[in-house]
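Colleague: Before I rely on the terms used for this assembly, I would like to go through how each of them was reached.

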Amino acid sequence: MTAPPGVASEPASELATELASELASALRDFLGAHAEPVVPAGDGGQVWSRLCGELGLAGLLVPESHGGLGFGPAELVAVAAELGRAVVGGPFVPGAVAAASALSTLDGDCAGELLARIAGGRRSPVFVHMPLAAARRVTAESTVDGSVTLTGSVGPVLAAPPPAPLLVAADLGGTPVLVLVEGGAELTELPSLDLSRPAWRVVFDGTPARVLAGGDRAAGAVRRAEVATWIALGAECVGVAGHALELTVEHAKTRRQFGRPIGAFQAVQHKLADLTVTLEVARSAADYVVRCGGDERSAHTLAVKASEAAVTITTEAVQLHGGIGFTWEYPAHVLLRRAHAAAALAGTPDQHRRALFALLDER
Amino acid sequence: MTAPPGVASEPASELATELASELASALRDFLGAHAEPVVPAGDGGQVWSRLCGELGLAGLLVPESHGGLGFGPAELVAVAAELGRAVVGGPFVPGAVAAASALSTLDGDCAGELLARIAGGRRSPVFVHMPLAAARRVTAESTVDGSVTLTGSVGPVLAAPPPAPLLVAADLGGTPVLVLVEGGAELTELPSLDLSRPAWRVVFDGTPARVLAGGDRAAGAVRRAEVATWIALGAECVGVAGHALELTVEHAKTRRQFGRPIGAFQAVQHKLADLTVTLEVARSAADYVVRCGGDERSAHTLAVKASEAAVTITTEAVQLHGGIGFTWEYPAHVLLRRAHAAAALAGTPDQHRRALFALLDER
Amino acid sequence: MTGFEDLAASIHAFAAAEGLPRRDPDAVTDEPGGGDGGLARSVAFQRRLFDAGLAWFDGPVEHGGRGLDPATSAALRDVLREYVLPDQTYFTVSRRIVAPTILAHGTPQQQARWIRMLWRADALACQLFSEPEAGSDLAALRCTAVRDGDAWVVNGQKVWSSWAHLSDVGELLARTGAPADRHRGITAFLVEMHLPGITVRPIRQINGESHFNEVFFDDVRIPDSARLGAVDDGWTVAMSTLTSERTAMGGRDKAYLSHPYRRLRALAAGAVGDTDQQLLAEAWMREQLAGVTADRVATAGLSPSVGKLALVDDLLFYGRTAARLLGPDLVAGAGTPGAFWSDFLLSSPAQRIAGGTDQIQRGIVAERVLGLPRDRRT
Amino acid sequence: MTGFEDLAASIHAFAAAEGLPRRDPDAVTDEPGGGDGGLARSVAFQRRLFDAGLAWFDGPVEHGGRGLDPATSAALRDVLREYVLPDQTYFTVSRRIVAPTILAHGTPQQQARWIRMLWRADALACQLFSEPEAGSDLAALRCTAVRDGDAWVVNGQKVWSSWAHLSDVGELLARTGAPADRHRGITAFLVEMHLPGITVRPIRQINGESHFNEVFFDDVRIPDSARLGAVDDGWTVAMSTLTSERTAMGGRDKAYLSHPYRRLRALAAGAVGDTDQQLLAEAWMREQLAGVTADRVATAGLSPSVGKLALVDDLLFYGRTAARLLGPDLVAGAGTPGAFWSDFLLSSPAQRIAGGTDQIQRGIVAERVLGLPRDRRT
């Protein structure tokens with residue numbers, strides 16, 4: 001068995017973990033000042049834009065040689081968890097995570113320029129891809145001038161509105177290719193569950209594109225982007241779950257019924273204890289990703305455990321809040337929406353377990 | 001879609017249901033006097049023998065024309081639940097249920113005589129069969145004198161020790177046959193989980209047998225026996241689960257910790273409430289079998305819901321009893337053992353759900 | 001079954017005259033949550049149904065019912081369910097929760113005044129029970145009713161009142177004794193919702209809709225003739241209402257999600273993998289058993305709280321299963337199955353709160369079904 | 001990491017001299033529950049290991065430990081775990097539960113007397129905490145110790161005491177104040193198990209084995225020098241012991257079930273269906289994460305109660321999964337995987353009681369981790 005591709009090939013050093021925790025703490029302060037309380041509707045990506053401008057987060061995974069922060073899985077996990085916690089919008093996952101991960105595997109001026117664009121935050125590309133989808137849905141055809149045209153569609157996926165260039169995984173006569181689309185794709189925003197971050201459907205109909213890589217290099221770049229996406233969405237879910245549990249514990253301490261805080265009732269206490277265990281197992285999965293240097297198996301593990309934890313905890317959070325949790329104004333549903341959407345877009349736990357078993361049974 | 005084969009083809013009449021409930025009540029009185037408290041070790045089938053002798057239960061499903069009680073699914077469910085409740089041993093399932101169900105579908109003197117033997121309780125045959133097994137494991141070969149010889153093995157299965165004749169489903173050159181083995185099979189008792197009722201491995205090695213039916217009639221007889229087995233083991237599980245919950249509720253009312261009965265603690269109350277819901281859903285599944293006249297889909301449903309309920313409730317019962325539930329002398333583990341064994345021998349819930357989906361998707 | 005055949009024939013004839021479409025057993029059309037099918041159409045239909053004598057089979061004859069036994073009535077409702085009816089969810093509180101309470105506890109005048117109107121959809125009713133500080137702990141309610149001659153003056157706030165914005169009458173619980181008396185100092189009333197001093201303010205829900213309301217009482221005068229039950233005996237009335245509510249929530253008449261199996265089956269296109277087969281078979285079983293359990297609640301004395309807890313578990317399973325089957329298509333936007341199930345995932349949790357939270361139901365099962373010692377709540 | 005390389009080399013050399021087989025990462029050999037590998041062999045091995053300075057990496061040097069930091073020690077234990085060792089389960093209570101308590105609360109004399117002996121397997125220890133009427137409610141214990149000059153006289157009964165039938169010393173909790181004082185009137189002692197008046201009676205367990213005991217005290221005289229901690233301050237000592245116990249139960253050193261993934265994988269022969277693939281992948285993930293969680297308990301301040309609850313959930317999952325994969329082979333009799341898993345299904349529930357029940361652990365998480373208001377227990 002060859003080493004599975006991952007966000008990085010080395011286990012995280014202790015220094016990296018320390019850095020990650022400082023980064024998370026700075027981020028939480030920033031978001032505490034600018035993004036709390038969680039708002040029901042999207043912020044149009046404003047918070048994310050400020051994070052890029054003020055903290056350079058767009059370049060999180062971009063090598064320092066291309067103007068980025070050059071961070072690894074430890075920092076990715078820490079940052080994504082904080083962004084999830086505050087339900088931040090914007091193209092963090094498809095751009096700073098997926099596109100940067102894919103491009104980092106490639107040489108060449110074009111990839112380098114795109115990475116610099118990501119770090120600089122202008123005309124940054126986003127990677128549009130259906131994780132774990134059964135079939136590649138976009139086909140490429142060669143044209144006389146050496147470029148290609150794309151036909152097909154992907155979605156729902158995370159993306160960014162035009163004029164963001166798109167990185168697309170496509171099939172060119174049986175060979176995988178990674179291509180860049182600078183315009184001409186039709187993007188439809190899907191107004192749906194997660195009000196803070198829409199999903200998109202992207203349709204290509206003879207859309208011109210430029211091949212960045214083909215064959216094994218394309219497949220490797222795509223896989224790296226996928227793995228990073230799973231890690232980012234999984235870590236977001238850890239943040240969402242932690243926030244939902246905190247809100248619920250706080251509610252249990254302050255809401256009084258039958259003459260005492262509802263958190264003094266054993267039924268509520270034990271339910272919250274069980275949810276704590278669920279959350280901590282998901283946190284262990286985040287730690288596991290860092291320990292494994294973001295390898296593929298750990299990414300599947302985080303995607304499963306974190307998305308299940310986020311969905312369970314946000315669902316129970318709504319219930320434990322009673323009527324108030326069921327109102328539009330209270331943030332419980334904002335977290336529930338993000339949990340479901342992130343889980344859906346990361347690929348279902350069933351798909352991840354299936355893919356993981358295939359890796360385990362390879363040898 | 002043709003009507004699925006079942007224990008009986010008609011939905012239960014109200015009269016049948018009334019009869020069933022009277023039968024159950026008589027049986028509980030009898031077992032209360034002769035089989036309580038539950039004993040850790042097997043009783044060698046003594047209680048079952050008395051039930052056959054005094055209440056004629058061996059002939060439960062045998063038509064009245066052959067000396068039986070001629071009952072249907074309502075009574076089967078009621079009786080099996082009481083036998084499960086008291087963890088009664090003996091060849092109730094492979095004999096009174098499975099063999100009688102298979103033979104009831106056949107005409108002919110031989111089948112009639114075997115049914116009469118079941119009702120009479122002497123040299124009664126038992127049906128040995130792997131429910132939901134992937135492949136038929138016994139092959140038959142014709143001999144010159146018109147009978148057949150069997151080769152292969154089945155097990156773990158419910159059976160009865162020699163000299164009980166065996167009904168066996170076998171494959172004769174691609175055609176299913178139902179055969180009778182009057183001797184010559186090698187039976188090994190498997191001393192295992194359920195101390196009150198061993199499982200068996202049955203090996204045939206050129207064992208002479210007599211063909212009772214072939215082709216569709218054999219397949220129909222086998223299917224009828226299977227469906228009846230699922231219903232009987234499922235209903236046993238309902239009885240086991242109900243008994244385990246009663247013991248636990250009683251323990252919660254009497255065991256005191258922190259100055260009050262543990263059943264006054266909300267955590268224990270809510271756990272017991274959840275187990276009650278689990279039990280009642282399984283009881284609804286038993287009712288559903290009766291409503292559907294014991295059809296195949298309802299049998300799968302009962303097998304799944306009752307075995308899951310029995311395993312869950314007996315497992316939690318052991319936990320809720322604390323240390324005492326973990327001792328050999330206390331009956332909690334006897335119920336746990338029967339629950340696991342009945343669930344294993346009925347076919348796993350996964351197998352039943354798979355088979356059920358195939359039926360649902362047939363049309 | 002006396003009269004069954006005749007009445008079934010009447011139903012079919014009525015349906016033919018109304019042009020009601022047969023319910024296609026393979027079609028999946030109903031929406032969960034309901035209440036969006038057009039009130040006027042539902043009301044008009046309900047009046048014709050009632051006038052045809054086909055709305056209330058087990059109701060007393062003097063109030064417009066047919067006076068039939070429960071089993072026959074259930075069978076007749078099944079016949080009616082063979083047709084696609086206009087949205088019935090507006091009427092659940094009126095017919096299945098408030099009307100039975102008035103029948104059990106109301107004066108002959110109150111019964112004559114309201115019951116026929118509620119069943120004929122000439123009036124809609126709501127419950128006025130919960131308050132911001134009295135949810136699960138209903139006995140902590142603070143809204144007061146103070147006697148003033150032959151009237152009562154009501155002040156306070158209610159919340160989570162379904163359909164209050166559409167209702168003509170509300171079943172109000174108000175404090176008439178000292179707060180320390182808890183459940184002993186409460187009286188029930190039937191309040192006309194159009195009285196001066198009543199303000200109804202819809203609450204925007206998690207899914208953007210508004211079926212719940214806050215209701216404010218500011219010196220609202222109601223006559224003593226509107227009192228339901230004895231003074232300070234409102235707790236008895238309330239418990240009877242809540243039992244009806246739990247029964248209604250788990251009953252066949254108001255399945256929160258119709259056709260769960262078929263809805264989910266439609267999400268698994270092509271060759272269904274083994275895991276999805278398992279999920280779908282489980283969904284099918286749950287759907288069948290929910291019907292049996294509802295019948296056992298209605299006719300065999302099974303605790304409505306058991307039925308409601310089983311229902312809640314089913315709803316969680318259906319939601320989770322839909323998310324598993326849909327994958328990314330859960331967020332596929334308006335008009336798709338993803339949008340339907342997104343709304344379901346957001347709105348179904350209300351079933352775990354309304355009519356008593358899961359925790360309250362478990363407490364009821366523990367104490368009343370299992371006879372465990374009373375938990376020290378007060 | 002100072003000394004790591006040298007000590008790792010020493011371990012490999014020791015293992016070679018002992019002829020210890022390498023643990024085959026693909027083999028699945030250990031048994032759950034343990035304690036059936038032969039006490040004499042385990043004891044003799046443990047003495048040689050201790051004398052080689054390879055038994056206790058993070059222990060104080062004066063008691064025979066190496067005085068290394070936790071991370072290095074954990075890494076060295078991982079090196080040792082590359083080999084198949086004689087059954088270590090006899091020693092868990094001695095080394096991981098009682099010895100740390102003596103280190104934290106014992107006098108210098110008690111430490112000198114016992115700690116080395118416990119780590120060198122010259123003595124085995126047991127806990128004497130639970131009583132028939134004091135299980136989860138440990139503060140209700142009734143076994144008394146009455147002062148008599150420079151000694152204490154102990155009377156009463158203990159129960160569920162693991163390995164008491166093999167032990168040389170027991171950590172006893174006895175009532176020295178009034179029963180109404182509850183946890184304030186309890187004192188801890190280190191009782192030599194061979195004293196006159198002590199009777200140990202094994203309890204036959206659910207799976208037919210006997211690792212637990214009842215222990216009876218009949219006018220047993222113990223010197224005051226055997227007292228652990230201050231008079232009436234035994235609760236502090238007990239809490240420290242219980243924390244060690246919870247940590248030990250969730251730790252890597254005593255994984256209750258070794259190699260769960262490989263054991264379960266071996267049950268699925270041939271082409272593995274999708275449902276079974278899902279179950280196996282889930283088992284693999286749980287196995288990996290249990291290791292991370294145990295490390296977080298050991299080094300990152302995660303509550304041992306969280307670790308223990310996660311472990312219990314894993315054990316339930318493994319048992320259920322084995323039953324699903326085995327089908328009828330669960331009852332296939334002695335010497336088969338079915339027999340192994342049957343025993344597991346019977347014996348693993350003890351993990352949900354020992355060291356504090358699931359309910360007790362949840363209470364600890366609620367109060368100490370989440371800071372919820374104290375539940376009214378006393």
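Colleague: How do you know that chain A touches chain C, and how many residues of each are in contact?

Modeller: In this predicted model, two residues count as in contact if their C-beta atoms lie within 7 Å, and by that criterion 29 residues of chain A are in contact with 39 residues of chain C. On the chain A side, helix H8 (296-320), helix H9 (332-345) and helix H10 (349-360) each supply at least two residues, and H9(A) gives the most, with six residues.

Colleague: What makes up the side of chain A that touches chain C, by class of residue?

Modeller: That side has 15 nonpolar, twelve polar and two charged residues.

Colleague: Which residue classes, and which helices, does chain D bring to its own contact with chain A?

Modeller: Chain D contributes 26 residues to the contact and chain A contributes 30. Helix H8 (274-299), helix H9 (304-326) and helix H11 (358-369) of chain D each give at least two residues, with the largest share, 13 residues, coming from H8(D). By class, the chain D side divides into 16 nonpolar, five polar and five charged residues.

Colleague: Why is the radius of gyration of chain A said to agree with that of a compact globule?

Modeller: For 363 residues the globule rule gives a radius near 21 Å, and chain A has 20 Å, so the value agrees with the rule. The C-alpha atoms of chain A, taken along the principal axes, fill a box of roughly 80 × 40 × 35 Å. Chain A holds ten helices and nine strands, and buried residues make up 64% of its 363 residues. Among contacts between residues at least 6 apart in sequence, 77% join residues at least 24 apart.

Colleague: What domains is chain A divided into, and what makes up the side of domain 1 that touches domain 2?

Modeller: The domain assignment gives domain 1 (14-120), domain 2 (126-216) and domain 3 (221-361). In chain A, 16 residues of domain 1 are in contact with 15 residues of domain 2. Helix H4 (92-104) and helix H5 (109-120) of chain A are the elements that give two or more residues to the domain 1 side, and H4(A) gives the most, with six residues. That side has twelve nonpolar, three polar and one charged residues.

Colleague: How is the packing of helices H9 and H11 of chain C described?

Modeller: Two packed helices are described by the angle between their axes and the distance between the axes. Helix H9 (residues 304-326) and helix H11 (residues 358-369) of chain C pack at an angle of about 140 degrees, with their axes 9 Å apart, and the crossing of H9(C) and H11(C) is left-handed. Among the residues that make the contact are C:Val306 and C:Leu309 of H9(C) and C:Ile364 and C:Val369 of H11(C). The residues of this contact divide into six nonpolar, two polar and three charged.

Colleague: Why is C:Val369 called partly exposed?

Modeller: A residue is buried with 20 or more other C-beta atoms within 10 Å and exposed with 12 or fewer; C:Val369 has 18, so it is partly exposed. This residue is found in helix H11 of chain C and, leaving aside neighbours within four places in sequence, is in contact with B:Thr276, C:Ser303 and C:Val306.

Colleague: How far is C:Val369 from C:Thr299, in sequence and in space?

Modeller: C:Val369 and C:Thr299 are 70 residues apart in sequence and 16 Å apart in space, C-alpha to C-alpha.

How values were computed: Residues numbered from 1 in each chain as written. Chains lettered and ligands numbered in written order. Predicted model: local features only at pLDDT ≥ 70, side-chain atom pairs only at ≥ 80, totals over all residues. Helix = DSSP H or I, 4+ residues; strand = E, 2+ residues; numbered from the N terminus. Rg over C-alpha atoms; globule rule 2.2 N^0.38 Å. Axes fitted to C-alpha atoms, helices over the stretch in contact; angles between N-to-C directions. Left-handed = near helix turned anticlockwise from the far one by under 90°. Nonpolar A, V, L, I, M, F, W, Y, C, P; charged D, E, K, R; others polar. Domains from an automatic or database assignment.
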